[in-house]
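Biologist: I have not looked at this one before. Can you walk me through it?
Modeller: Yes, let us start with the picture.

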Amino acid sequence: MSERGHFEEHCFVSGHTACAGCGQSMAARLVADVAGKNTIVTNATGCLEVFSTLAPQTAWGTPWIHSLFENAAAVASGVEAALIHLGKLDSIRVISQGGDGGTADIGLQALSGMLERGHDILYVCYDNEAYMNTGIQRSGLTPFDAHTTTSPRGTHSSGNPKQKKPLVEICAAHHIPYAATASVGNPRDVQTKVKKALDIRGPKFIQIHVPCPLGWGSEPVDTIKIAKLAVATGLFPLVEYEYGRLLRVTKLPSPKPVEEYLKLQGRFKHLLKNAAELKKVQEVAQKNIEYYGLNSKA
Amino acid sequence: MFSVLAAIPKSSSRNRTGSWRSLVKPHYLQKECINCGLCKMICPEGCIEGTEKNQYSADLDYCKGCGLCADICPKKDIEMVSNQGTE
Ligand SMILES: Cc1ncc(C[n+]2csc(CCOP(=O)(O)OP(=O)(O)O)c2C)c(N)n1
Ligand code: SF4
Ligand code: SF4
Ligand SMILES: [Mg+2]
C-alpha cells in the first residue's frame, strides 16, 4: 500500500475507477468517513460497486460485501442479525447502499422489508437518476424529460415521460426514525445528516443526489454546481422526516429558474429551445416548492 | 465451484489513476488558504492532503484532473494548469 497519508485518512480511498468528477464517488467518501472504520457495508450492484472494487482490488477500508443488484438491504439485515447474536451491535454500525435503480426499483422490496422489520441499519441511496453502469437506462428516479437510452429524445418524445418516484416519502411512510434527502452540492449537510442518522438506533434512510458527468452529459468540473442548482431550483428538495413526519426542509427564499440547471447538462439540451416543455419542467419545480413548503416563512 | 473472493482493504492504491488526466492538473498556490478543508472534503479521488493553512496539496499519482477542488476553493487559491510534462 502507498505510504501517502490520504490512504490512512479515508475509509474509501484513491485508485478507484469512477469517471473524473463522479458525484457518487464523492458522496461515498463523505458517508464512509463519517461512519468510520467500525462499519460493515453491503453494496448493491452498480457503478459504486464496480468502480470501488475491481476484484481482487478494493478502495474500501471497511468490511464491505457486494450483494446482488436487488438484495443489499436483505444482506445488511442478516449482517445486523449476526451482530446482535454476537453482542457486537453496540460497537459496529451497518450501512447498506445502492444506486437509484438498485434502491427505488429492483431493491425496493428488500429495502421495505429492512425498514418494516426495524433493523438497525442506515440505507444510503446514491441517486444519479438512471442505470448508469449498464449504459444510462431510465429508472424510477430519472427526472421528467431527461434523455436516457431508454427514454430517448426525438420527434415523438422529449425524454422521460414520468416523474421521479417519491422515494424518501415511500421510506418515511414506514414511520422509521429518520428519512432524509441530501446533495453533494452541500457536502457538509451530507455529513451532518449521515452523522445524525448513525446516532439513531433503528432503520434510517438517506437519498443523496449525485451528478454523473457521463450519464448527464455534464462537465466533471460542474458536478457541485449542478447539484447545488438542482436544490436551488426546487427540482431536488432537501427534506428530513422523523417517524413519518416532515420536520425540516432547506428553504428556498428565491428559487432559481430551471433553465439554469438544465443548460449545464446534455440530457436536457433538447428542452432549451422548447418553451412548452421548459414550462412543464418549471411546473415540476413549482409543485415541489408548494408540496414541501420550500418557500414558506418560519 | 466456489472460491474465496476477497480483496485486501485499500488495495486499489495500485491503480495510479493520475495517468487518466488529460488537459489540466491542480496547482496549489498555498498563499490565501484559510484551512477550510473543502477541497479535501469533496475531491472525488480522496487524494488531497493537508491539515494546516497553506499546506494543502494533491497527490498527482491519483488525481484525475476534474477541477472540482479549484472550483470549490473559496479563496481561489487552487489553479488548474496545463498537465503537460507531468508524466
Ligand atoms: C438482477 C440483475 N439485473 C440486472 C443487472 C445488470 N445491472 C448491473 S448494474 C445495473 C445498473 C445499476 O443502476 P443503479 O442502481 O442506478 O446504479 P448506478 O450504476 O447508476 O450507480 C444493472 C441494470 C444485474 N446485475 N442484476
Ligand atoms: S458513469 Fe456516472 S456514476 Fe458511473 S462512475 Fe461514471 S460518473 Fe460515476
Ligand atoms: S482536480 Fe479533482 S481529482 Fe484532482 S485533486 Fe482536485 S478534486 Fe481531486
Ligand atoms: Mg443510477
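Biologist: How do the residues of the shell around ligand 1 divide into nonpolar, polar and charged?
Modeller: They divide into six nonpolar, nine polar and two charged. Ala, Val, Leu, Ile, Met, Phe, Trp, Tyr, Cys and Pro count as nonpolar, Asp, Glu, Lys and Arg as charged, and the others, Gly among them, as polar. Before we go on: this is a predicted model, where local features need pLDDT of at least 70 and side-chain atom pairs count only at pLDDT 80 or more, while totals for chains, interfaces and linings use all residues. Residues are numbered from 1 along each chain as its sequence is written, chains are lettered from A and ligands numbered from 1 in the order in which they are written, and side-chain values use heavy atoms, with hydrogens and water left out.

Biologist: Which residues come nearest to ligand 1?
Modeller: C47(A), G101(A), G102(A), A130(A) and M132(A), out of 17 around the ligand. A residue counts as near if one of its heavy atoms lies within 4 Å.

Biologist: And which element gives the largest share of that shell?
Modeller: Helix 5 of chain A, residues 100–105, with three residues. Helices here are DSSP runs (H or I, at least four residues), strands are E runs of at least two, and both are numbered from the N terminus.

Biologist: What lies close to the oxygen atoms of ligand 1?
Modeller: A backbone N or O atom of G102(A) lies 2.8 Å from an oxygen atom of the ligand, and one of A130(A) lies 2.9 Å from an oxygen atom. From N128(A), a polar side-chain atom lies 3.0 Å from a ligand oxygen. On its own, ligand 1 has 590 Å² of accessible area, and the protein covers 75% of that (Shrake-Rupley method, 1.4 Å probe).

Biologist: What about ligand 2, which residues surround it?
Modeller: Among them are C47(A), F51(A), N128(A), C212(A) and P213(A). This shell has eight nonpolar residues, two polar and no charged. Helix 3 (47–52) and helix 9 (213–216) of chain A each supply at least two of its residues.

Biologist: Changing topic. How many helices and strands does chain A have?
Modeller: Chain A has 12 helices and 10 strands. Its radius of gyration, taken over C-alpha atoms, is 19 Å, close to the 19 Å from the globule rule for 298 residues (2.2 Å times the number of residues to the power 0.38), so chain A is as compact as a globular protein of that length. Of its 298 residues, 58% count as buried, that is, under 20% relative accessible area with a 1.4 Å probe and protein chains only.

Biologist: And chain B, in what order do its elements run?
Modeller: From the N terminus on, β-α-β-β-α-β. Chain B has a radius of gyration of 15 Å, whereas a compact globule of 87 residues would be near 12 Å. Its C-alpha trace spans about 60 × 30 × 15 Å along the principal axes, and 48% of its residues count as buried.

Biologist: Back to chain A. Where is H270(A) found?
Modeller: In the loop between helix 11 (258–262) and helix 12 (275–291). Not counting residues up to four places away in sequence, H270(A) touches D145(A), H147(A), R153(A), S158(A) and G159(A) (contact means heavy atoms within 4.5 Å).

Biologist: What does the side chain of H270(A) reach on D145(A), and at what distance?
Modeller: The backbone oxygen, at 3.1 Å. The two residues are 125 apart in sequence, with their C-alpha atoms 9.1 Å apart. H270(A) also makes a side-chain to side-chain polar contact with R153(A), at 3.0 Å. A polar contact is a pair of N or O atoms within 3.5 Å; within protein, one must be able to donate a hydrogen and the other to accept it, and residues adjacent in sequence count only if both atoms are side-chain atoms.

Definitions and conventions. Buried means under 20% relative accessible area, exposed over 50%, partly exposed in between (1.4 Å probe, protein chains only).
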